[in-house]
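Ready for a few worked exercises? Have the sequence and the 3D view open, try each task yourself, and then go through the solution.

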Amino acid sequence: MGDTITVLGLESSCDDTGAAVVACAPGAPPQILSNIVAAQGDLHAAFGGVVPEIAARAHVEALDHCVEAALEAADRGLADLDAVAVTAGPGLIGGVMAGVMCAKGIAAGAGLPLIGVNHLAGHALTPRLTDGLAFPYLMLLVSGGHCQFLAVRGVEDFARLGGTIDDAPGEAFDKTARLLGLAQPGGPAVERAAEGGDAGRFAFPRPLLDRPGCDMSFSGLKTALLRACDAAVDARGGLTEEDRADLCAGFQAAVADVLAEKTRRALAAFAAMTGATGPLAVAGGVAANRTLRAALTAVAETAGARFVAPPAALCTDNAAMIAWAGIERYRLGHRDGMDLTARPRWPLDTAAPAQLGGGKKGAKA
Ligand code: KG4
Ligand code: ZN
């Protein structure tokens, strides 16, 4: 199709199987021709978290169907493609391996170049797909598995300015929901329950705000929530709807406050590093939270930085972002061989110190 680059992307690093086709013609905005996501939520619901073995098996079963559906929805055949891009890490290793093997099979069978993509780079490059953002920009990646600030300076040039030293905020939302008997995924449930709640009734900590820098901690918040819950139960023998609303509102406000203040500092660090005032972009499931969006909008406005929040479906795990990162790497001449390996850990910024902990949704960096 002339100079248009058309790439099939595959994503299977956590609990969503994705396949997507993205095309990019010179001088025109990229086009998402299809973006299929098969969620596995139901399979893991009984276990209170993602079970890696179940996820890997489900990816193996779903990948072929997702690829077929993505090609059909895009009205493209394998012969129309220029390359196959696949998440090669970081993530739950069984799922990543399933995706990499599927992509190798397609690439070998159809004679197409293979391009391994870092899942975090997929998230970090999304604002270029949705909003045509130019380098450099500041990215806050905030989801169930990730939480970090990245100075995005090029397709393969990321500087990590800070991140969580324990849980990711999405994990904290999910644990909060579990503790309060709310549905999973916890983020939307907690946000709904917080409506009309009094965020000031329970005193939640704002961890690490007393320390300089952009690192964050969220595991202490769930302990604080547990204590507040126990106190309310001891006092009245159970939790009322009002207690639940106040607990959720207080927790959500604490997360938003911490992320807002750390974002303010990250914007300053980004300006010192690049000389640029933003733009600030977000990605990850937690970026859908309206209290957080409002807080980040205000921080960006005060700093005089543009704020870019891609649509929710492209903030959460999806294959369009992998296809897009594949196009970006393809344009730079990057190709992988059949020796491409699946990596459980794969930090974007190899110069940054290693992060602690893996988290329930796999490695964080
Ligand atoms: O990016 P994502 O789909 O998957 C990864 O973790 O990579 O993010 C899912 C996370 C879950 O923990 C979910 O509870 C959280 O994002 N989430 C939210 C909201 N919607 C999803 N957290 C807070 N508020 C929301 N509205
Ligand atoms: Zn992700």
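## Exercise 1: the second largest pocket

By class, the lining of the second largest pocket has 9 nonpolar, 1 polar and 2 charged residues. Here Ala, Val, Leu, Ile, Met, Phe, Trp, Tyr, Cys and Pro count as nonpolar, Asp, Glu, Lys and Arg as charged, and the others, Gly among them, as polar.

Before you start: this is a predicted model, where local features need pLDDT of at least 70, side-chain atom pairs count only at pLDDT 80 or more, and totals for chains, interfaces and linings use all residues. Residues are numbered from 1 along each chain as written, chains are lettered from A and ligands numbered from 1 in written order, and side-chain values use heavy atoms, without hydrogens and water.

**Task.** Find out which residues line the second largest pocket and where it lies relative to the two domains.

**Solution.**

1. Get the term straight: on a 1 Å grid over the protein atoms alone, a pocket is an open set of points with protein on both sides within 12 Å along at least five of seven lines, and lining residues have an atom within 4 Å of a point.
2. Look up the lining: Val117, Asn118, Ala121, Leu125, Val155, Glu156, Phe158, Ala325, Arg329, Trp346, Pro347 and Leu348.
3. Match it to elements, meaning DSSP runs numbered from the N terminus (helices: H or I, at least four residues; strands: E, at least two). Strand S5 (114–118), helix H4 (119–131) and helix H11 (320–331) each supply at least two lining residues.
4. Bring in the domains, with bounds from an automatic or database domain assignment. Domain 1 (5–132 + 313–346) and domain 2 (137–312) both give residues to the lining, so the pocket lies between them.
5. Add the volume, about 170 Å³; that is the space filled by probe spheres set on the points, which are joined across faces, edges and corners.

## Exercise 2: the zinc ion

**Task.** Work out which protein atoms are donors of the zinc ion (ligand 2), and why their arrangement is irregular.

**Solution.**

1. Donors are N, O and S atoms within 2.8 Å of the metal (3.2 Å for Na, K and Ca); water is not among the atoms, so sites may look incomplete.
2. That gives His119 (NE2), His123 (NE2), His146 (NE2) and Asp317 (OD), lying 2.1 to 2.7 Å from the zinc ion.
3. Write out the spacing: H-x3-H-x22-H-x170-D. Histidine 119 in helix H4 and aspartate 317 in the loop between helix H10 (312–315) and H11 are 198 residues apart, so this pair links distant parts of the chain.
4. Check the angles: the 4 donor atoms subtend 87 to 160°, which makes the arrangement irregular. Four donors count as tetrahedral if all angles lie between 85 and 135 degrees; four count as square planar and six as octahedral if opposite donors are over 155 degrees apart and all others between 65 and 115; anything else is irregular.
5. Histidine 119 and aspartate 317 are both buried (buried is under 20% relative accessible area, exposed over 50%, partly exposed in between, with a 1.4 Å probe and protein chains only).

## Exercise 3: two positive phi values

**Task.** Is aspartate 75 buried or exposed, and what about leucine 208?

**Solution.**

1. Aspartate 75, in the loop between helix H2 (52–74) and S4, has a phi near 60°.
2. Its relative accessible area is 64%, so aspartate 75 is exposed.
3. Leucine 208 sits in the loop between H6 and helix H7 (219–236), with a positive phi of about 70°.
4. Leucine 208 has a relative accessible area of 13%, so it is buried.

Definitions and conventions. 1 Å grid on protein atoms, 1.4 Å probe; cavity = no way out; pocket = protein on both sides within 12 Å on 5 of 7 lines; lining within 4 Å.
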